[in-house]
Amino acid sequence: MGKVSVVGIGPGNYENMTIKADMVLKECDIVIGYTVYVDLVKDRYPGKEFLTTAMTREVQRCQMAIDKALEGYKVAMVCSGDSGIYGMAALVYELRGDKQVPEIEVISGLTAACSGAAVLGAPLTHDFAVISLSDRLTQWELICSRLSYAARADLSIVIYNPRSKGRPDHLKKACEILLDHMPADRVCGIAQHIGREGENIRILSLRELKEADADMFCTVFIGNSMTKVIDGKMITPRGYREMKE
């Protein structure tokens, strides 16, 4: 019987892929995924069968992975970042249900909150929330509510999917919600093309973030009340320096 391994490949470069993810991709028969993600690993794993689907075809490609595993193949379903954080792991389990075959294994990867934070400095050293602005699967009203509660709790916030062609104003609207609970000079950061060609960062205020250009290749970070800039890096202290011996 075959197996489906749902593999988080990290931001895209080999250096930020886990050893376990690399091992699974070397040992599998078939690699399946969204076209962009398959292209990131294709050259490193020659001799595999590669199957892809376009964006919004998540159910189709996960079912394809299950079907190929039932035929006896070892299948790697690749996901950007971590396979269980906005990835395909839950959907693969849902589609298989309680049948117990084929076997499913989830291989964790480096999500953009971690890899982007490292590029920006250390903005997530204390409690934080991760919120996607994509309302394709989540009602916008619920997203707004989560933003508001995270801001009121003084959490650092990581925003995935800040803007797309179909959602050109979502980041601006999110910033307006945050400005109801945060000062306009709150330290924020944008990490773009993390781990890929063209990687860059921007440190800016929440006021500036409201008008910033941040596309789907960006991950946005909003600091908490303790976040500051040190040597051009975004830093959120946890309080170790103030801790008594």
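1. Let me start with the second largest pocket, where the lining residues divide into four nonpolar, two polar and four charged. Please keep in mind that this is a predicted model. The lining consists of Thr125, Met226, Lys228, Ile230, Pro237, Arg238, Gly239, Tyr240, Arg241 and Glu242. The second largest pocket holds about 180 Å³ of space.

2. Now to the largest pocket, whose volume is about 1600 Å³. It is lined by 49 residues, and those closest to its centre are Tyr37, Met55, Tyr86, Asn161 and Met216. Sorted by class, its lining has 25 nonpolar, 17 polar and seven charged residues. Which helix gives the most to this lining? That is helix 4 (residues 89-96), with four residues.

3. Asn161 deserves a second look, as one of the residues closest to the centre of the largest pocket. Its place is in the loop between strand 8 (156-160) and helix 7 (170-179). The backbone there has a positive phi of about 50°, although Asn161 is not a glycine. Is Asn161 buried or partly exposed? Its relative accessibility is 23%, and buried requires a value under 20%, so Asn161 counts as partly exposed.

4. Thr56 also has a positive phi, of about 75°, and is not a glycine. You will find Thr56 in the loop between strand 3 (49-53) and helix 3 (58-70). With a relative accessible area of 39%, Thr56 is partly exposed. As background, most residues other than glycine have a negative phi, and most peptide bonds are trans.

5. While you are checking the backbone, please look at the peptide bond from Val101 to Pro102, which is cis, with omega near 0°. Pro102 is found in the loop between helix 4 and strand 5.

6. Helix 1 (residues 19-27) makes a nice example of a two-sided helix, with Ala21, Asp22, Val24 and Leu25 buried. Why do these residues lie on the same side of helix 1? They cover an arc of only 165° around the axis, so they share one side. The face turned away from that buried side carries the exposed residues Ile19 and Lys26. What do the buried residues pack against? Their partners are strand 1 (3-8), strand 2 (30-34), helix 2 (35-41), strand 4 (74-79) and strand 5 (103-107).

7. Within helix 1, Ala21 is worth its own point. Its relative accessible area is 0%, so Ala21 is buried. Leaving aside neighbours within four places in sequence, Ala21 is in contact with Val7, Gly8 and Ile107. The C-alpha atoms of Ala21 and Gly10 are separated by 9.3 Å, and these two residues are 11 residues apart along the chain.

8. Finally, consider Ser148, which lies in helix 6 (residues 140-152). Ser148 has a relative accessible area of 13%; the limit for buried is under 20%, so Ser148 is buried. Which residue's side chain makes a polar contact with the side chain of Ser148? The partner is His181, at 3.1 Å. Not counting residues up to four places away in sequence, Ser148 touches Ile177 and His181.

Definitions and conventions:
Residues are numbered from 1 along each chain as its sequence is written. This is a predicted model: local features need pLDDT of at least 70, side-chain atom pairs count only at pLDDT 80 or more; totals for chains, interfaces and linings use all residues. Side-chain values use heavy atoms; hydrogens and water are left out. On a 1 Å grid over the protein atoms alone, a cavity is a set of points where a 1.4 Å probe fits but cannot get out, and a pocket is an open set with protein on both sides within 12 Å along at least five of seven lines; lining residues have an atom within 4 Å of a point. Grid points are joined across faces, edges and corners, and a volume is the space filled by probe spheres set on the points. Ala, Val, Leu, Ile, Met, Phe, Trp, Tyr, Cys and Pro count as nonpolar, Asp, Glu, Lys and Arg as charged, and the others, Gly among them, as polar. Buried means under 20% relative accessible area, exposed over 50%, partly exposed in between (1.4 Å probe, protein chains only). A polar contact is a pair of N or O atoms within 3.5 Å; within protein, one must be able to donate a hydrogen and the other to accept it, and residues adjacent in sequence count only if both atoms are side-chain atoms. Contact means heavy atoms within 4.5 Å. The arc is that of the directions from the helix axis to the C-beta atoms.
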